[in-house]
Amino acid sequence: MSEIKTFTVSIYTENNIGLLNRISAIFQRRKVNIESLNTSMSEIEGVSRFVIVINITEERIKKIIGQLEKQVEVIKAFYHTDEQTIFLETCLFKIKSDLLFEERQIQNIIKESNAQIVTVNKEFFVLEKAGRRSEIELLYRELSAFGIMQFVRSGRIAVTKDEMKISSMLAEFAE
């Protein structure tokens, strides 16, 4: 039996209404949980990119890629292991301002984690941290002891270590 690995799936698509539902249905029908999902514009004008993180075997991800590429609006889909990508997540923490000035330990946590203070006012301050999920989870645990007013984390964003050549592939389709 093949081992379950973490894969980052990149799907280049047209930006059409309802496509997210159809893409997520492909994973749902196969009982695959999406760990992280992010959509954005891509390096190609008019083309969107989905970045989806899943834990699955390589045999199953190959089948899913085939199903994704059958969607009319999907231009091309790729999958990569963590070793083949450069990736991170970002998060924001909202914390009571008085802690920033009264708790020396909070200042040390901020400095050691390489987090950035985004804004400070009388009621709260906001920290931003970008990095691996494990780094964000560690910072979350450390700050939880002091009380977190709000927390949000993005999905994974990723680029491959090797060239993907999607732009040249699209140029060929356009000819």
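**Reading helix packing and buried side chains in a predicted model**

Colleague: Does Lys-31 count as buried or exposed?

Modeller: The general idea is to compare the relative accessibility with a cut-off, and anything over 50% is called exposed. Lys-31 has a relative accessibility of 75%, and therefore counts as exposed. Please keep in mind throughout that this is a predicted model.

Colleague: Where does Lys-31 lie, and what phi does Lys-31 take?

Modeller: Lys-31 belongs to the loop between H1 and E2, and the residue is placed just after H1. Its phi is positive, at about 55°, although Lys-31 is not a glycine. A second residue can be read in the same manner: Asn-114 has a positive phi of about 60° and is not a glycine either. Asn-114 sits in the loop between helix H4 (104–113) and strand E6 (116–120), and with 58% relative accessibility Asn-114 counts as exposed.

Colleague: Let us turn to the helices. At what angle do helix H1 and helix H2 pack, and which residues make the contact?

Modeller: Helix H1, which covers residues 19–29, packs with helix H2, residues 58–69, at an angle of about 150°, and their axes are 10 Å apart. To put a word to such an angle one again needs a cut-off, and values over 145 degrees are taken as roughly antiparallel. H1 and H2 are therefore roughly antiparallel to each other, and their crossing is right-handed. On the H1 side the contact is made by Ile-23, Ile-26 and Phe-27, and on the H2 side by Ile-64, Gln-67 and Leu-68. Sorted by class, this contact of H1 with H2 holds 5 nonpolar residues and 1 polar residue, with no charged residues.

Colleague: Which residues in H1 are buried, and what covers the buried residues of H1?

Modeller: The buried residues in H1 are Leu-19, Ile-23, Ala-25, Ile-26 and Phe-27. The elements that cover them include H2 together with three strands, namely E1 (5–13), E2 (34–41) and E3 (48–56). Ile-23, Ile-26 and Phe-27, which are buried in H1, also take part in the contact with H2.

Colleague: How do the axes of H4 and helix H5 cross, and into which classes do the residues of the contact of H4 with H5 divide?

Modeller: The axes of H4 and helix H5, the latter being residues 133–144, come within 11 Å and cross at roughly 175°. By the reasoning used before, H4 and H5 are therefore roughly antiparallel to each other. The contact is made by Ile-106, Ile-109 and Ser-113 of H4, and by Leu-139, Glu-142 and Leu-143 of H5. These residues divide into 4 nonpolar, 1 polar and 1 charged.

Colleague: I would next like to read single side chains. Is Ser-10 buried or exposed, and which residues does Ser-10 touch?

Modeller: Here the other cut-off applies, since a relative accessible area under 20% is called buried. Ser-10 lies in strand E1, and with a relative accessible area of 2% it is buried. A polar contact of 2.8 Å joins its side chain to that of Arg-49. If residues up to four places away in sequence are set aside, Ser-10 touches Arg-49, Phe-50, Lys-76, Ala-77, Phe-78 and Met-164.

Colleague: Where is the place of Met-164, and which residues does Met-164 touch?

Modeller: Met-164 is found in the loop between strand E9 (157–160) and helix H6 (166–174), and at 15% relative accessibility Met-164 counts as buried. With residues up to four places away in sequence left out, Met-164 touches Ser-10, Tyr-12, Arg-49, Phe-78 and His-80. Sequence and space should be read separately here, as Met-164 and Gln-150 are 14 residues apart in sequence and 37 Å apart in space, C-alpha to C-alpha. Phe-78, one of the residues that Met-164 touches, is found in strand E4 (residues 74–81) and counts as buried at 14% relative accessibility. Phe-78 and Ile-148 are 70 residues apart in sequence, with 37 Å in space from C-alpha to C-alpha.

Colleague: Finally, what lies 2.7 Å from a polar atom of the side chain of Ser-36?

Modeller: That is the backbone nitrogen of Arg-156. Ser-36 has its place in strand E2 and, at 6% relative accessibility, counts as buried. Not counting residues up to four places away in sequence, Ser-36 touches Val-51, Ile-52, Val-53, Arg-133, Gly-155 and Arg-156.

Note on methods. Residues are numbered from 1 along each chain as its sequence is written. This is a predicted model: local features need pLDDT of at least 70, side-chain atom pairs count only at pLDDT 80 or more; totals for chains, interfaces and linings use all residues. Side-chain values use heavy atoms; hydrogens and water are left out. Axes are lines fitted to C-alpha atoms, for helices over the stretch in contact, and angles run from 0 to 180 degrees between N-to-C directions. Helices (H or I, at least four residues) and strands (E, at least two) are DSSP runs, numbered from the N terminus. Angles under 35 degrees count as roughly parallel, over 145 as roughly antiparallel, 65 to 115 as roughly perpendicular and the rest as oblique. A crossing is left-handed if the near helix is turned anticlockwise from the far one by less than a right angle, and right-handed if clockwise. Contact means heavy atoms within 4.5 Å. Ala, Val, Leu, Ile, Met, Phe, Trp, Tyr, Cys and Pro count as nonpolar, Asp, Glu, Lys and Arg as charged, and the others, Gly among them, as polar. Buried means under 20% relative accessible area, exposed over 50%, partly exposed in between (1.4 Å probe, protein chains only). A polar contact is a pair of N or O atoms within 3.5 Å; within protein, one must be able to donate a hydrogen and the other to accept it, and residues adjacent in sequence count only if both atoms are side-chain atoms.
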